[in-house]
Amino acid sequence: MKLVYLAQSEVPSQTANSVHVMKMCDAFAAQGVETSLWLPGWQAEVDTTQAYEFYGVQRRFQLRWLPVVPWLKSSYAYAWQVWVHLALGKEQADLVFSRSLLGAAAALLAGRELVLEVHEPMRHSGRLQGLMFDWIVRHKRFRRLVVITHALKDWHLQHNLLPEALILVAPDGADVPPELEPQVLGSGQIRLQLGYVGSLHQGKGVELLLPLAKALPDVDVHVVGGSGEQLQAWKRKAEGISNVHFHGFMKPAQAHGFMLGMDALLAPNQRVVKGVGGSDIGRWTSPLKIFEYMAARRPILASDLPVLREVLDDGRNCLLADAENVEAWCANVHRLQAEAGLAARLADNAYADLQGRFSWACRAKGLLSAVMATEEQVS
């Protein structure tokens, strides 16, 4: 099978969506699918070798930056180039898998079979996007809609947008990691080391980490992520809290080594989470960090939110606490310290879940199987 993957991601960059698309293309390629990732060409010249290394993926799929069109807005230019290459060029594609709504429409207009993946309701992105989505999912060459949570699937069903059989829930994932040496952090004293890896956007939970660190002066809290003014703003807010340590952005492979050096990993998502575009994605999110924490085989402390409970099971593969209750989070930290064997049991169960259900390889295999089943039904 030849698969073209469409994404308007910046590669390489600090964004979670860029990690997602690079990891998925790598996973598709590992399944024996000839995969090509098409990206917008408005970026400066990119060293492709550096891009693969940045995400820790093998060079077994093609990276392609489509040419810019100076007189078109970047998103429309991307869609135009997708149509040109698929309809007028000599591009072979048995299937187009798209994270781009405009790219998906262009692929259908070019006569290709399509799988579309969304991480929030397209109607929340504007009227035009909603109308385009409705057209796409009713098209005869549309094969599947991939969503990352059951909550997002339920939203589409409640709005009668397409049949349930065409919606596939596939949470985010992580690689089953190679053996790496943990990054040694801390003060040299015997202190619990708690780590957070992720964005510093509103609702991701850094706002809970500061009072948590203040309430646990004998524990070190490490924050990986962010850069520039956003990072400096959080550092200013943390002034006077000596046990909070900001490390800034790390490449994915480096961040894994950091996680291995922690005693526990934190996912303090709030009920309202602001995405890159400013919309609230809290009800739908499937945080990459959860699965990367599982891969690090460290105990997870997370917010007790319905969407996280789709993956996390309190007392079995994590400990959950109310998203805004600092005292409850402190109690879970103390429980980890007090109960012999609890940390190892939580970490081992989460790692087993990753291996069996949530690796990128499992995700790619499941998606391909579902699409092939749909093809058989169509034929």
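**A covered strand and its surroundings**

Strand β8 is mostly covered, with six of its six residues buried. This strand belongs to a predicted model, and it offers a convenient way into the fold. Burial applies to both faces of β8: L192, L194 and Y196 lie on one side, while Q193, G195 and V197 lie on the other, and all are buried. In a regular strand, side chains alternate between the two faces of the sheet. The strand runs parallel to β9, and six bridges join the two. Within this pairing, Y196 has V223 of β9 as its bridge partner.

Helix α9 brings β8 and β9 together again from another viewpoint. This helix spans residues 252–260, and its buried residues are A255, H256, G257, F258, M259 and L260. Which elements cover them? The cover includes β8 (192–197) and β9 (219–224), along with β10 (244–248), β11 (264–267) and α10 (288–296).

It is helpful to set these elements against the chain as a whole. The chain holds 13 helices and 13 strands. Its radius of gyration is 21 Å, which agrees with the value near 21 Å that a compact globule of 379 residues would have. Along the principal axes, the C-alpha atoms fill a box of roughly 65 × 40 × 40 Å. Of the 379 residues, 54% are buried. Among contacts with a separation of 6 or more, 70% are made by residues 24 or more positions apart.

The surface and the charges can be summarised in a similar way. The accessible surface of the chain comes to about 16600 Å², and carbon and sulfur atoms account for 50% of that area. The chain carries 37 positive and 38 negative charges, whose mean positions are 5 Å apart.

One of the positively charged residue types provides a good local example. Is K153 buried or exposed? K153, found in helix α6 (residues 150–158), counts as buried because its relative accessibility is 14%, and the cut-off for burial is under 20%. Beyond its neighbours within four places in sequence, K153 is in contact with V147, E164, I167 and V169. One of these partners, I167, is 14 residues away from K153 in sequence, and the C-alpha atoms of the two are 6.8 Å apart in space.

The loop that follows α6 leads to a point of backbone interest. N160 is placed in the loop between α6 and β7 (167–169), and its phi is near 55 degrees, a positive value in a residue other than glycine. With a relative accessible area of 63%, N160 is exposed.

R297 likewise has phi near 55 degrees, again a positive value in a residue other than glycine. The place of R297 is the loop between α10 and β12 (300–303), and α10 is among the elements that cover the buried residues of α9. R297 counts as partly exposed, at 41% relative accessibility.

A further backbone feature concerns a proline. The peptide bond from V11 to P12 is cis, with omega near -5 degrees. P12 sits in the loop between β1 (2–6) and α1 (16–30).

Conventions:
Residues numbered from 1 in each chain as written. Predicted model: local features only at pLDDT ≥ 70, side-chain atom pairs only at ≥ 80, totals over all residues. Heavy atoms only, no water. Helix = DSSP H or I, 4+ residues; strand = E, 2+ residues; numbered from the N terminus. Rg over C-alpha atoms; globule rule 2.2 N^0.38 Å. Buried < 20%, exposed > 50% of the residue type's maximum accessible area, 1.4 Å probe, protein only. Contact = heavy atoms within 4.5 Å. Areas by Shrake-Rupley, 256 points an atom, 1.4 Å probe, with all protein chains shown as cover. Lys, Arg positive; Asp, Glu negative; His and termini not counted. Charge placed at Lys NZ, Arg CZ, Asp CG, Glu CD. Pairing = 2+ DSSP bridges.
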